[in-house]
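Thanks for coming. I'll go through one structure this morning, strands to begin with, then charged pairs, then the core.

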Amino acid sequence: MRIGVLALQGAFAEHEEKLKKLGASYVEIRKKGDLKQPIDGLILPGGESTVMGKLLVDLDCLEEIRIRIRKGMPVFGTCAGLILLAKRVQSGTQIQIGTMDMTVKRNAYGRQLGSFSVTSEMKGIGEIPMVFIRAPYIQSVSGDTQVLAEVGGRIVAARQGNQLATAFHPELTNDIRVHALFLEMVKRVKFSEIYL
């Protein structure tokens with residue numbers, strides 16, 4: 001099993017550390033050519049969603065990633081990655097992959113000083129630490145998108161088929177269970193065998 005980690009900007013190295021701990025191999029996705037190698041899933045890390053969206057367009061990667069997700073490739077987006085996956089973003093002009101049936105509010109908790117940590121329940125896992133940094137939240141979901149976690153009445157994690165998204169940063173804690181959940185999704189699909 002090999003996971004692609006979008007490594008254009010943001011906290012991608014911390015995701016790679018989690019994958020190492022779980023015994024999964026990974027490859028950094030920095031240009032369109034990197035998508036030619038077989039990958040079974042993709043992680044979209046936190047960072048600046050507007051910058052990441054623009055870079056995906058400039059590098060001609062956006063449509064290829066969108067096609068793969070629609071064909072069933074498992075994807076896990078954290079914070080900015082969640083914003084990229086959303087079909088609707090409430091504030092600002094945003095380039096999106098737009099494959100997940102949800103509406104997201106960007107920078108919903110304010111600037112960097114609005115960052116915080118909590119421990120809360122996530123369906124299918126239990127209580128986990130959640131780190132929020134200039135985080136979005138999910139205003140609403142539709143279709144077959146499932147709410148997996150809420151904090152203070154706001155949706156902070158969701159899943160739709162092969163897509164998993166969190167407003168928080170599980171890669172910044174010592175807990176590996178959210179990444180383990182994603183790898184279980186990847187194992188069930190075996191995308192590289194189907195797609196290539």
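Strand β11 and strand β12, residues 163-166, run antiparallel and are joined by four bridges. This is a predicted model, so please keep that in mind throughout. The two strands make a hairpin with two residues between them, and G161 there has a positive phi near 55°.

On its other pairing, β11 meets strand β10, residues 146-151, again in the antiparallel sense, over five bridges. That pair is a hairpin too, with two residues between the strands. In its turn, G152 takes a positive phi of about 60°.

Which residue of β11 should you look at to follow the pairing across? Take A158, the bridge partner of V147. In β12, A158 has A165 as its bridge partner. As for cover, β11 spans residues 154-160, and six of its seven residues are buried.

Now the charged pairs. How many salt bridges are there? The count is eleven. I'll show three, among them E48 with R134, where the closest N and O atoms are 2.8 Å apart. That pair links distant parts of the chain, 86 residues apart. E48 sits in the loop between β3 and α2, and R134 in the loop between β8 and β9. Are these two side chains buried or exposed? E48 is partly exposed, with 28% relative accessibility, and R134 is also partly exposed, at 26%.

The second one is local. E63 and R66 form a salt bridge at 2.5 Å, N to O. Both belong to helix α3, residues 62-70, and they are three residues apart, about one turn of the helix. Here the two ends fall into separate classes: E63 is partly exposed at 39% relative accessibility, while R66 has 15% and counts as buried. The reason for the label on R66 is the cut-off, because buried means under 20% relative accessible area.

The third is K87 with D101, whose closest N and O atoms are 2.7 Å apart. K87 is in strand β5, residues 86-89, and D101 is in strand β6, residues 100-105, so this salt bridge ties together parts 14 residues apart in sequence. K87 has a relative accessible area of 40% and is partly exposed. D101 is buried, with 14% relative accessibility.

On to the core. In soluble globular proteins, nonpolar side chains tend to be buried together. In this model the largest nonpolar core has 59 residues. Which residues have the most contacts inside that core? They are M102, M122, L164 and F182. Helix α5, residues 177-189, supplies the largest share of the core, six residues.

M102 is a useful one to click on. Setting aside neighbours within four places in sequence, M102 is in contact with L82, L85, A86, K87, R88, I138, S140, V141 and A165. Two of those names have come up already: K87 is the salt-bridge partner of D101, and A165 is the bridge partner of A158 in β12.

Last item, the cysteines. How many disulfides does the structure hold? Zero. C61 is buried, at 2% relative accessibility, and C79 is buried as well, at 4%.

To recap, β11 pairs with β10 over five bridges and with β12 over four. There are eleven salt bridges and zero disulfides. That's all I have.

How values were computed: Residues numbered from 1 in each chain as written. Predicted model: local features only at pLDDT ≥ 70, side-chain atom pairs only at ≥ 80, totals over all residues. Heavy atoms only, no water. Buried < 20%, exposed > 50% of the residue type's maximum accessible area, 1.4 Å probe, protein only. Pairing = 2+ DSSP bridges. Salt bridge = Lys/Arg side-chain N within 4 Å of Asp/Glu carboxyl O. Core = buried A, V, L, I, M, F, W, Y, C linked by side-chain atoms within 4.5 Å. Contact = heavy atoms within 4.5 Å. Disulfide = S-S within 2.5 Å.
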